[in-house]
Amino acid sequence: MAGLYVHVPFCLKKCPYCDFASVPVQSDLQAEWLQAVRAETVLRAPDWKPIRFDTLYFGGGTPSLLDPADVAGLIDLFSGSFQWARNPEITLEANPGTLSGSKLRDFRKAGINRLSIGIQSFRDEELQLLGRMHDAAEAENSLARTFESGFENVNADFIYGLPGQTPAHWSQTLGKAVAFPLTHISAYCLTWSGKTELGRKIESGEVEKPSEAVQSDLFLRTSSFLAERHFQHYEISNFSLEGRRCRHNEGYWKGNPYLGLGPSSHSFTGRERYWNVSDTREYCRMLNQGLRPCSGSETLSRNDIRLETIALRLRTSEGLPLAMIQNKTDFCKVFLENGLARIRGDRLVLTENGFLMADELALRLTV
Amino acid sequence: MDQKHIRNFSIIAHIDHGKSTLADRLLEATETLTPKEMREQVLDNMDLERERGITIKAHAVTMYHQAGNGERYQFNLIDTPGHVDFSYEVSRSLAACEGALLVVDAVQGVEAQTMSNVYLAMENNLVLIPVINKIDMASARIEEVEHQLMELLGVDEKDILKVSAREGIGIRETLEAVVSRIPCPNGNPDAAFRALIFDSTFDFYRGAIATIRVKDGRVKTGDAIRFLSSGKTFETDEIGRLKLGRFPVDNLQAGEVGYLIGGVKNLKDIKVGDTITLAEKPADPLPGFRDPKPMVFSGVFPTDSDDLTELRAALERLQLNDSALIYEPESSAALGFGFRVGFLGLLHMEIVQERLEREYNQSLITTIPNVEYRVFCTDGKMLVIDNPTALPPVMKIDRIEEPVIDSQIVTPSEFVGNLMKLAQERRGVYKNTTYLDSSRVTLHYEFPLAEIIFDFYDKLKSSSRGYASFDYEFLAFRESDLVKLDILINGDPVDALSMIVHREKAWEWGSKLTSKLRELIPRQLFEVAIQAALGSKIIARTNVKPLRKNVTAKCYGGDITRKRKLLEKQKEGKKRMKQLGKIEIPQEAFLAVLKIE
Ligand SMILES: Nc1nc2c(ncn2[C@@H]2O[C@H](COP(=O)(O)OP(=O)(O)OP(=O)(O)O)[C@@H](O)[C@H]2O)c(=O)[nH]1
Ligand code: SF4
């Protein structure tokens, strides 16, 4: 099974912590982008003919800025261009403030069956710090509208571990979240890079730097809070109700193939990975000339695949087959002794404390 | 050239008094090098030397001087290193000379190394020509320095040359003084060939190359020669003179200096200080010179134990160029197999370490350096120990002796107080004070060598605003109250971190060392306890808190390649860590002691 990803590189305005490929909306560019994605579909289709897809994901950026009719058109094109499994999961990422009731209904009609909404927080001052366009009330309204319009499989994205955030603040947001019938919650611990505005503020000391201890504490609180509400912690930053995992993202962690369309998207055949240019205009220009918008590729060696498998599987509740790390029993013992992992069947699975150290543990298992 | 027209000499000077600059001027004035070949300080040609501004290896260069008396002279200038670690190399250079220019900075005046060089030159019966350099400087104190030199050497004011190597003043006079004051060699040109090897280098294509001073007779290409110490014979492929490069000649004769290539492949066959003769006409060995004696020892281990053979090969090669380097196999419970290496001093140790890493591409772990100890056991045996782990159990030790040095500190008198305080902290024993002139004094102290091998030199400089200078030589072994300080990590002693210290300093070292290690050991998956112990008694402890969080929040399609690349990069970093049981320790930790304030 494979996943199809479409990168929608537009947002209303650039958020100060964001390092995704995205630019403020411009309608002419948006039209060009749509043309280019269609052209890329036609270009890539022959190679991907033999492969069966079972998920489609509109990510961004802010895909909910798209006209539902255009989304419907793309879905039509994809269903004609590739082979599909039954009941594909079709996700669209959305931001509050871009979701009117009618738009939501139209997205549903277009075939979107899973919505992922960038709520981030239910506290105004946190939303301001993050530079989001919406406030807490808007976040709640848009969620309410989403469920009213008939969506059942809904994820909300959150960010925690913010400068100045206390456990009480975060509990408040989580409490509001679970008051909605969400099937999935993604909770990302804030990371920053000096390249973003927020990162610079943190590094210059303009806002208080979130401490490792507080962030770790919030991480642990999140999983126990959500566990009590029957959310399974199935990946470091992802929680879902039974049967409601994000199949598309699971594909990445399992090492399944994926095809990415749109600027900066990545594709993976199982052996080869290639990625598109990230500049939207450049992307459109190349497709206009009938060129593949590729900016790089790599062929993974057996060892590369091993590294990736270890790093990715460790991040999930499925864990890593012990057979893959037979020569690392010493390290495994240290993990087990220190409560960072446990053995389940023939797999090594990280504990909550282990998840916090996933990168460190992956490193030790791959050295 | 007949011996009457040959002059073999060195330039000796305290660091930075201008030896290399003066050598440049002599090479220029004798037109030995074309202006194009002329770089600043041509005699220092190793990378490291340039960076550190210290002449490390002795080199030789031949030049020709048209003297005022109308005759042409061959000058062989033999360069000498300028740091106390390398004083043995000075002595071997001097063994090839009849005289030396003693260069003294007109601002700094006589310093500790000036004096020790003078003593070395006197031991070798060399004629000294005193030269005051840098007379162009506004702050030059020519008269004062003259008085210092007259005092030190018992010479007349008129015998002292005044030079500015930078401005080219007094160069001609210097060349003439070499002709008129330095004796010509007095070997027997008709006797059997004998030459002294005073340096050697290794050339990838030509093998081992000896730098020689011919004492008697002559040697020509094709001659069968014998190295007296090994008794091995070789055929000379090529002999020649050294300028900036090698210039082959047909023969070298009594009094001359040059190089000899004899297809010597085995690095160990050319021994500096050895005598070469003709194979059929063996002669008596020439007096060699004081064998270099390593004073400081440390363990050198490959970071990756698979690289042991490479490390051995690298050390073997280095040794050819550096006869002061000695090593023998060592094994450590913590670090595996490696070598115990003996160095002349700490600078020598750093240089060897850098050369191994840079020129031979080795990734190394170097352990805390120590001196050599004599351990007298209760059963009457005496052990010589250059490794703390070899110390017998306390009950079996009757007493321990450590090396003590005789030193002179030359300083402007205003810093005497500071320096005496420093000396006291370093267990110095005051001997006496002598005055060089009204404002400069020489302090004589005896120190345990162990007290000066770490950061003494830096401390000396900071206690005297950079003015004091220091030189020393080995004096004797003396009894001292020494103990072994062990470092335990999570309860297990780490042999490579043990050190021998004076009992009174054990507590201080214990707490400084443990806190330094706490800084250097990265956080691990669990808490790491670091303790310092004397026998079974813990005298200091601290710990490294466990690592709590290291995780990327997002890992989707495009993040995966980035993640893998990062892992690969971090893996390289991890490889530079040493695994001690479950604990990872970075290479630098083993030298932590050097970074202690
Ligand atoms: N003003 C002045 N500076 C000089 C003179 N001779 C040398 N110097 C400077 O003094 C410094 C040291 O000179 P070097 O020739 O490198 O000294 P050295 O004794 O060879 O030093 P080591 O190689 O470290 O032993 C350099 O910065 C020179 O430029 C001089 O006659 N006048
Ligand atoms: S909405 Fe999302 S993609 Fe757009 S700028 Fe903000 S964080 Fe980046």
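A residue is taken to be near a molecule or strand if its C-beta atom, placed from the backbone, lies within 6 Å of it. In this predicted model, ligand 2 is surrounded by A:Cys11, A:Lys14, A:Cys15, A:Cys18, A:Phe20, A:Ser22, A:Gly60, A:Gly61, A:Thr62, A:Asn95 and A:Gly118. By class, this shell comprises 4 nonpolar, 6 polar and 1 charged residues, where Ala, Val, Leu, Ile, Met, Phe, Trp, Tyr, Cys and Pro count as nonpolar, Asp, Glu, Lys and Arg as charged, and the others, Gly among them, as polar. Residues are numbered from 1 along each chain as its sequence is written, while chains are lettered from A and ligands numbered from 1 in the order in which they are written. Because the model is predicted, local features need pLDDT of at least 70 and side-chain atom pairs count only at pLDDT 80 or more, whereas totals for chains, interfaces and linings use all residues.

Chain A contains 14 helices and 17 strands, assigned as DSSP runs (helices H or I, at least four residues; strands E, at least two) and numbered from the N terminus. Of its 367 residues, 46% are buried, that is, 20 or more other C-beta atoms lie within 10 Å of their own; a residue is exposed at 12 or fewer and partly exposed in between, with C-beta atoms placed from the backbone.

At the interface, 39 residues of chain A are in contact with 23 residues of chain B, contact requiring C-beta atoms, placed from the backbone, within 7 Å. The chain A side is composed of 20 nonpolar, 11 polar and 8 charged residues, and α14(A) gives the most to it, with 6 residues.

The largest nonpolar core (buried Ala, Val, Leu, Ile, Met, Phe, Trp, Tyr and Cys residues joined through C-beta atoms within 7 Å) has 149 residues, and B:Leu77, B:Ala100, B:Leu102, B:Val131 and B:Ile409 have the most contacts inside it. A second, separate core of 92 residues includes A:Phe53, A:Val71, A:Ala156 and A:Ile159.

Strands β13(A) and β14(A) run antiparallel and are joined by 5 bridges; in this pairing, A:Arg273 stands opposite A:Glu298 of β14(A). None of the 6 residues of β14(A) (residues 294-299) is buried, so the strand lies largely in the open. An open sheet of 3 strands has the order β15-β17-β16 in chain A, with antiparallel pairing, two strands being paired if DSSP finds at least two bridges between them. Its edge strands are β15 (320-321) and β16 (341-344). A:Pro321 stands opposite A:Arg347 in β17(A).

Notes. Two residues are in contact if their C-beta atoms, placed from the backbone, lie within 7 Å.
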